[in-house]
Amino acid sequence: MTVGVFPRDEHFMRLALREAVAAGEQGDVPIGAVVVKDGEVVGTGRNEREARPDPTAHAEVLALRAAALTLGGWRLQGAVLYCTLEPCPMCAGAIQQARIARVVYGAPDHKIGSAGSVVNILQDARLLHRVEVQSGVLAADSLEVMRRFFEDRR
């Protein structure tokens, strides 16, 4: 189920974009994420697979971990996750396990996107929890950050 863009979505997506830029500056693919609960940021993350080296150090997973620590538990019911790129299957599974209410993402991932582009783990009726999804929020900005990162590497 896709819901409409709320006025604060762009604000929180800009915070996720800041995380993405910081990831790129440290040599990681520039993807950022922010978890918001009751209008407050409770967790942030940026892609750190190269920095850690850890294949699970995706922005979404790190933001979920930070939010769980902030809130004192793994159930993040009622929280919204903002991420600059459509979540992959691993991140979609973590989002479901955390019971996130809504995901807002910028750019689609036509290779491994798991919120509708390739598969739709977040809204699969066979699974225990379904997540509301809003796509395309500041998508052009998210794509530009990625384009610049990869252009600089060529």
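## Sheet architecture

In this predicted model, five strands form an open sheet of mixed pairing, in the order β2-β1-β3-β4-β5. Strands here are DSSP runs of E with at least two residues, helices are runs of H or I with at least four, and both are numbered from the N terminus; two strands pair if DSSP finds at least two bridges between them. Because β2 (40-46) and β5 (132-134) stand at the edges with a single partner strand each, one side of each has no neighbour in the sheet. On average, neighbouring strands of the sheet are turned by 20 degrees against each other, direction ignored.

At one edge, β4 (residues 102-107) pairs with β5 in the parallel sense over three bridges. Val104 has Gln134 in β5 as its bridge partner.

## Basis of the values

Residues are numbered from 1 along each chain as its sequence is written. Because this is a predicted model, local features need pLDDT of at least 70 and side-chain atom pairs count only at pLDDT 80 or more, while totals for chains, interfaces and linings use all residues; side-chain values use heavy atoms, with hydrogens and water left out.

## Helices on the sheet

Helix α2 (residues 59-71) lies across β1 (32-37), β2 and β3 (80-85), and runs at about 145 degrees to β2. Helix α4 (residues 139-153) also packs on the sheet, where it touches β3 and β4, and its direction makes about 55 degrees with that of β4. Angles run from 0 to 180 degrees between N-to-C directions, with axes fitted to C-alpha atoms and, for helices, over the stretch in contact. Contact means heavy atoms within 4.5 Å.

## Nonpolar cores

In soluble globular proteins, nonpolar side chains tend to be buried together. A nonpolar core is a set of buried Ala, Val, Leu, Ile, Met, Phe, Trp, Tyr and Cys residues joined through side-chain atoms within 4.5 Å. Buried means under 20% relative accessible area, exposed over 50%, and partly exposed in between, with a 1.4 Å probe and protein chains only.

The largest nonpolar core holds 27 residues, of which Val35, Leu81, Ile95, Ile100, Val103 and Leu122 touch the most other members. At least two residues of this core come from each of β1, α2, β3, α3 (89-97), β4 and α4. Helix α2 gives the largest share, four residues. Beyond its neighbours within four places in sequence, Leu81 is in contact with ten residues' worth of surroundings that include Ala33, Val34, Val35, Ile95, Ile100 and Val103. A second, separate core of 14 residues includes Phe12, Ala20, Val34 and Val80.

## Glu19 and its link to Arg46

Glu19 is found in helix α1 (residues 9-25) and is buried, with a relative accessible area of 15%. Not counting residues up to four places away in sequence, Glu19 touches Ile31, Gly32, Ala33, Thr44, Gly45 and Arg46. The C-alpha atoms of Glu19 and Ile31 are 7.0 Å apart, although the two residues are 12 apart in sequence.

Side chains of opposite charge can pair when their charged atoms come close. The structure holds eight salt bridges, each a side-chain nitrogen of Lys or Arg within 4 Å of a carboxyl oxygen of Asp or Glu. In one of them, the side chains of Glu19 and Arg46 meet at 3.0 Å, N to O. This pair links distant parts of the chain, since Glu19 lies in helix α1 and Arg46 in strand β2, 27 residues apart. Arg46 is partly exposed, with a relative accessible area of 24%.

## Salt bridges involving helix α4

Glu144 forms a salt bridge with Arg147, their closest N and O atoms being 2.5 Å apart. The two are three residues apart in helix α4, so about one helical turn separates them. Arg147 also forms a salt bridge with Glu151, with the closest N and O atoms 2.8 Å apart; these residues are four apart in helix α4, about one turn of the helix. Relative accessible areas are 31% for Glu144, 38% for Arg147 and 45% for Glu151, and Glu151 is partly exposed. In addition, a network of salt bridges links Glu10, Arg14 and Asp141.

## Gln123 in the loop

Gln123 lies in the loop between β4 and β5 and counts as buried at 19% relative accessibility. Its side chain reaches the backbone oxygen of Val131 at 3.2 Å.

Definitions and conventions
A polar contact is a pair of N or O atoms within 3.5 Å; within protein, one must be able to donate a hydrogen and the other to accept it, and residues adjacent in sequence count only if both atoms are side-chain atoms.
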